[in-house]
There are 2 protein chains.
Amino acid sequence: MANLLTRKLEAFAPLSEADRHLLDAVIREARDVGSREDLIREGDAPGDVRLILAGFACRYKRLADGRRQIMAYLVPGDFCDLHVFILKAMDHTIATLSPCRVVEIPRRRILEMPERPALARALWWAALVDEATLREWLVNIGARPAEQRVAHLLCELLLRLRTVGLTNHDSYELPITQTELADTVGLTNVHVNRVLQRLRGDGLITLRGKHLVILDVERLNAFSGFTPNYLHLAAPNSVAEQSH
Amino acid sequence: MANLLTRKLEAFAPLSEADRHLLDAVIREARDVGSREDLIREGDAPGDVRLILAGFACRYKRLADGRRQIMAYLVPGDFCDLHVFILKAMDHTIATLSPCRVVEIPRRRILEMPERPALARALWWAALVDEATLREWLVNIGARPAEQRVAHLLCELLLRLRTVGLTNHDSYELPITQTELADTVGLTNVHVNRVLQRLRGDGLITLRGKHLVILDVERLNAFSGFTPNYLHLAAPNSVAEQSH
DNA sequence: CGTACTATTGATAGATATCAACGCTGGTGG
DNA sequence: CCACCAGCGTTGATATCTATCAATAGTACG
C-alpha cells in the first residue's frame, strides 16, 4: 500500500522520488491512540506536528453551557497542526473520535521543508484546503437546512476518503456516533437521527452500524449542493479506487 | 497616524524599523473601491495580494437558492488572500460591504518576505488568526442562539477594530446593513432586527444608523461567551485608544 | 420630491430542540 | 456462559425558536 500521505499530497501535484522517501521516513514511528482521547487541549502550547494515519479525529470547542461544536474532521493523511507552532496557546482541542494511529513529526522536520520546494508547496496546499473546508462548513451550517447539511458532509467525506484510498466504490466506514455528527452540523442527536432516516427513506444512503453506502452519488451531490471545488483537487477523475 | 498594517502586525510582536519602512512602502499605492463591488470572484485565478486599508469587505459564497453566506469580515489591516496564489481558482468571492480603500501588493513582494523573518512570522500569525476566527464563527453559528450570536460578533469586532485604532472607547462604525448581518450569522434580516432590539432593550448596546456603542463590554462579553484567546493578541491591555 | 433601499412591526408557519421513554447492542465481570 | 450495565439508536409528544409573508414607516440620495 502506497504511503497515505504521499497519496494525498499528490492529489495536488506530483512529488519527486526523494520527496516521497522523506515522507516515508517521517511516517515510521506512529503510535496508537484510543478512542475519544484528547491529543492536545485548548490552552496547551503547540508542540510537534501530528499527522493522522488511521481513524477519525476532530477539532472542537466546548461552550460554557456544555454544548460542543466540532469544527473539523481529521481523517487519515490530515495534519493536526501544521503551522500553529507560531502561536503560544491552542485555541481549541483536538481529540480522537475513533481509535487512531498518529505520528508526531518533530517541528524541525517541517521547518526544513522550504529546502524542498515541491514538498513545501504541497503542505501549503494542504493547509489552504483545510481552511477552505472550514469555510464550506460555515456555509453548510449557516445556510443549509438540516438534511442537506448532513448530506453535504457525507459527500465531502466520500471525496476526502477516496483521495487516500479509504473508500470502496461509493461506501466508506464512518466511525462516528450520531451525537458526534450532531455536534458537527449544529443539530440535536435526535434530529440527526430523523434526518438520517429520511435520507435512507429517499434511497440516498444506507447506514448500518458504522458502514455508510451512498446509493446515488450524483443525486446526493445535487441534493446537498455539493461541489468539490473547495477541495482543490488537481485531477478529479484520476483517483484510483482501493479498499483497505 | 501610524501605518495601520504595522500597528496590527505589532499586536503579535514588535517589528524592526526596516520592516516598518517596508510596510510603509507597500501601502503607498492604494485605490478606492465603491460599496458592494466584487474584488475577486469564485472561479477566478488568484492574482496579487490585496490588503484592506479602509472600509469593510467580506468573503462570501452564494448558494443555488440565492441564499448567501458571509464567511469573514475583512476590516482595515486584513489581507484578502495572503497565500492563495498556490491555488488555481478562488473557491469564494470577496466583495466590499462599504466604500473601501484597497492596496494590491505584487506577489513577489510577499514572496521575498522570508528574507525578513520577523515579518514572515507576523504574516503567518495573521493567517493563523484568520483561520482561528473562522473556527470561532463556526462555533458561533453552530452552537449559539441568535442573540448571543450577534452579540459575539459585535464583541469580536470591537477588539479587531481596536487593534487598528478604529474604535472610540467602546464604540465603532459598523457600515453594514441588517440583511448583511443576517447573512453572516445565518439568520433572517427580520430576526436580526428583533435580536438587535432586544440587545438594545437589555441595555447592552446602542445602534443608530451605522454607529454602534457597546454600553457594557464586560456584560456583553459574558452574555455572548466571548473570549479573545482565538485572536492571539500578544498584550491585551497595551493597545492604545484612538478615534479616527 | 420621488425612488429605492433599509428598518420595523405583526401574524403565522415551519423547523428544530427538548423531554421522556424504550429497545438494542456490545462489553464486562461474576 | 449468563447477567448486568452503559452507551447508542430510535420513537413520540410537545415546546421553542426562527423563518416566512406582508405591510408600513424611515431614510438616503439623485
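How many nonpolar, polar and charged residues does the surface near DNA strand C have? In this predicted model, the residues of that surface divide into five nonpolar, seven polar and six charged, where Ala, Val, Leu, Ile, Met, Phe, Trp, Tyr, Cys and Pro count as nonpolar, Asp, Glu, Lys and Arg as charged, and the others, Gly among them, as polar.

Because the model is predicted, local features need pLDDT of at least 70 and side-chain atom pairs count only at pLDDT 80 or more, whereas totals for chains, interfaces and linings use all residues. Residues are numbered from 1 along each chain as its sequence is written, chains are lettered from A and ligands numbered from 1 in the order in which they are written, and side-chain values use heavy atoms, with hydrogens and water left out.

DNA strand C is surrounded by 18 residues, the closest being Arg36(B), Gln178(B), Asn193(B), Arg194(B) and Gln197(B); a residue is near a molecule or strand if one of its heavy atoms lies within 4 Å of it. Sugar or phosphate provides 69% of the atoms of DNA strand C within 4 Å of the protein, and bases provide the rest. Phosphate oxygens of this strand lie 2.8 Å from a side-chain N or O atom of Arg36(B), 2.6 Å from one of Asn193(B) and 3.4 Å from a polar side-chain atom of Arg200(B). Two or more residues of the surface near DNA strand C are given by α7 of chain A and by α7 of chain B, and the largest share, five residues, comes from α7(B); helices (H or I, at least four residues) and strands (E, at least two) are DSSP runs, numbered from the N terminus.

Around DNA strand D there are likewise 18 residues, with Arg36(A), Gln178(A), Asn193(A), Arg194(A) and Gln197(A) the closest, and sugar and phosphate make up 69% of the strand's atoms that come within 4 Å of the protein. A phosphate oxygen of DNA strand D is found 2.8 Å from a polar side-chain atom of Arg36(A), another such distance, to Gln197(A), is 2.4 Å, and for a side-chain N or O atom of Arg200(A) the value is 3.4 Å. The elements giving two or more residues to the surface near this strand are α7 (189-201) of chain A and α7 (189-201) of chain B, of which α7(A) gives the most, with five residues. By class, the surface near DNA strand D has five nonpolar, seven polar and six charged residues.

The two protein chains also meet each other, in a contact (heavy atoms within 4.5 Å) that takes 36 residues from chain A and 36 residues from chain B. About 3,700 Å² is buried between chain A and chain B, 70% of it on carbon and sulfur atoms, buried area being the accessible area (1.4 Å probe) that two parts lose on being put together, summed over both. Ile86(A), Arg135(A) and Leu138(A) supply 20% of the area that chain A buries against chain B, more than any other three residues.

Four salt bridges (a side-chain nitrogen of Lys or Arg within 4 Å of a carboxyl oxygen of Asp or Glu) are found across the interface of chain A and chain B. One salt bridge joins Asp91(A) to Arg135(B), with the closest N and O atoms 3.4 Å apart. On the side of chain A that touches chain B, β4 (57-62), β5 (68-74) and α4 (117-143) of chain A each supply at least two residues, and the largest share, 15 residues, comes from α4(A). That side of chain A divides into 19 nonpolar, seven polar and 10 charged residues.

Conventions:
Polar contact = N/O pair within 3.5 Å; in protein donor to acceptor, adjacent residues only side chain to side chain.
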